[in-house]
Amino acid sequence: LAGFEANFDCKTLLAMVESQTPHLSFPADGQQIEKLIRVGREPSTLKAAIKRATQKLLETTGLVYPNLACAILLSCLLQDAGIEIPYTYTALGIVHVLQNRGWEKIKVGEYEAGDVGSTCIDKRVPGSDHVFLRYTGGKGDQTSVKYFLRAPK
């Protein structure tokens, strides 16, 4: 990914990410969810992930955190929890990475702690695509979330 400018071609970047992660199932991902929640909640580990995400985002895209940083931050949190994924810079890109690892779509309102929320549809929509880690379970959601992704058990 070295050499991308601030105006990098997102289709090319997404294709690169998809080519790095063939569709497989990674049941060990589900075994890391408790650690993922801890990593995301603990101020020291969250700060470390934000610092690394900030550096990778600037080095790779020229963008300054927190602009368009949800996917790279989620990548860092997943890596810190022991889930080996590539650094991923778009929300739709990380959705594809996780789905290619066997993460399943979950309906809004059926999410659990450790699920990844997404506002993405089947094509990239700059400015409205977003992903995030859900720290708690619950019913319903009042945001523009389209679905959640859950790691294989």
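Visitor: What does it take for a residue to count as buried?

Guide: A residue is buried when its relative accessible area is under 20%. This model is predicted, and Tyr89 is a case to start with. Tyr89 has a relative accessible area of 6%, so Tyr89 is buried.

Visitor: Where is Tyr89 found?

Guide: Tyr89 lies in the loop between α5 and α6. The C-alpha atoms of Tyr89 and Lys56 are 9.2 Å apart, although 33 residues separate the two along the chain.

Visitor: How many helices and strands does the protein chain have, and in which pattern?

Guide: There are six helices and four strands. Read along the sequence, the pattern is α-α-α-α-α-α-β-β-β-β. Of the 153 residues of the chain, 44% count as buried. Contacts can also be sorted by separation in sequence. Among those with a separation of 6 or more, 65% are between residues 24 or more positions apart.

Visitor: Let us take one helix. How many residues of α5 are buried, and which are they?

Guide: Helix α5 is mostly covered, with eight of its 11 residues buried. They are Ala71, Ile72, Leu73, Leu74, Ser75, Cys76, Leu77 and Leu78. Cys76 counts as buried because its relative accessibility is 0%. The cover over the buried residues of α5 includes α3, α4, α6, β2 (116-118) and β3. Just after the helix, Gly82 takes a positive phi of about 95°.

Visitor: How do α5 and α6 pack, and which residues meet?

Guide: For a pair of helices, read the angle, the distance and the hand of the crossing. Helix α5 (residues 70-80) and helix α6 (residues 91-100) pack at an angle of about 35°, with axes 8 Å apart. Their crossing is left-handed. From α5, Cys70, Ala71, Leu74, Ser75 and Leu78 meet Ala91, Ile94 and Leu98 of α6. The residues of this contact divide into seven nonpolar, one polar and no charged.

Visitor: What tends to happen to nonpolar side chains in soluble globular proteins?

Guide: In such proteins, nonpolar side chains tend to be buried together. Here, the largest nonpolar core has 34 residues, and those with the most contacts inside it are Leu78, Ile94, Trp103 and Val131. At least two core residues come from each of α3 (33-41), α4 (43-61), α5, α6, β3 (131-133) and β4 (147-150). Helix α5 gives the most to this core, with seven residues.

Visitor: Which residues is Val131 in contact with, leaving aside its neighbours within four places in sequence?

Guide: Val131 is in contact with Cys70, Ala71 and Leu74, with Ala91, Ile94 and Val95, and with Val116, Gly117 and Ser118, once those neighbours are left aside.

Visitor: Is Asp129 buried or exposed?

Guide: Asp129 has a relative accessible area of 16%, so Asp129 counts as buried. Its place is in the loop between β2 and β3. Leaving aside neighbours within four places in sequence, Asp129 is in contact with Ala91, Leu92, Thr119, Cys120, Lys123 and Arg124. Asp129 and Val145 are 16 residues apart in sequence and 9.6 Å apart in space, C-alpha to C-alpha.

Visitor: How many disulfides does the structure hold?

Guide: The structure holds zero disulfides. To read a cysteine, look for the closest other cysteine sulfur; a disulfide needs the two sulfur atoms within 2.5 Å. For Cys120, the closest cysteine sulfur is in Cys70, at 7.4 Å, so the two are too far apart for a bond. Cys120 is itself buried, with a relative accessible area of 1%.

Definitions and conventions
Residues numbered from 1 in each chain as written. Predicted model: local features only at pLDDT ≥ 70, side-chain atom pairs only at ≥ 80, totals over all residues. Heavy atoms only, no water. Buried < 20%, exposed > 50% of the residue type's maximum accessible area, 1.4 Å probe, protein only. Axes fitted to C-alpha atoms, helices over the stretch in contact; angles between N-to-C directions. Left-handed = near helix turned anticlockwise from the far one by under 90°. Contact = heavy atoms within 4.5 Å. Nonpolar A, V, L, I, M, F, W, Y, C, P; charged D, E, K, R; others polar. Core = buried A, V, L, I, M, F, W, Y, C linked by side-chain atoms within 4.5 Å.
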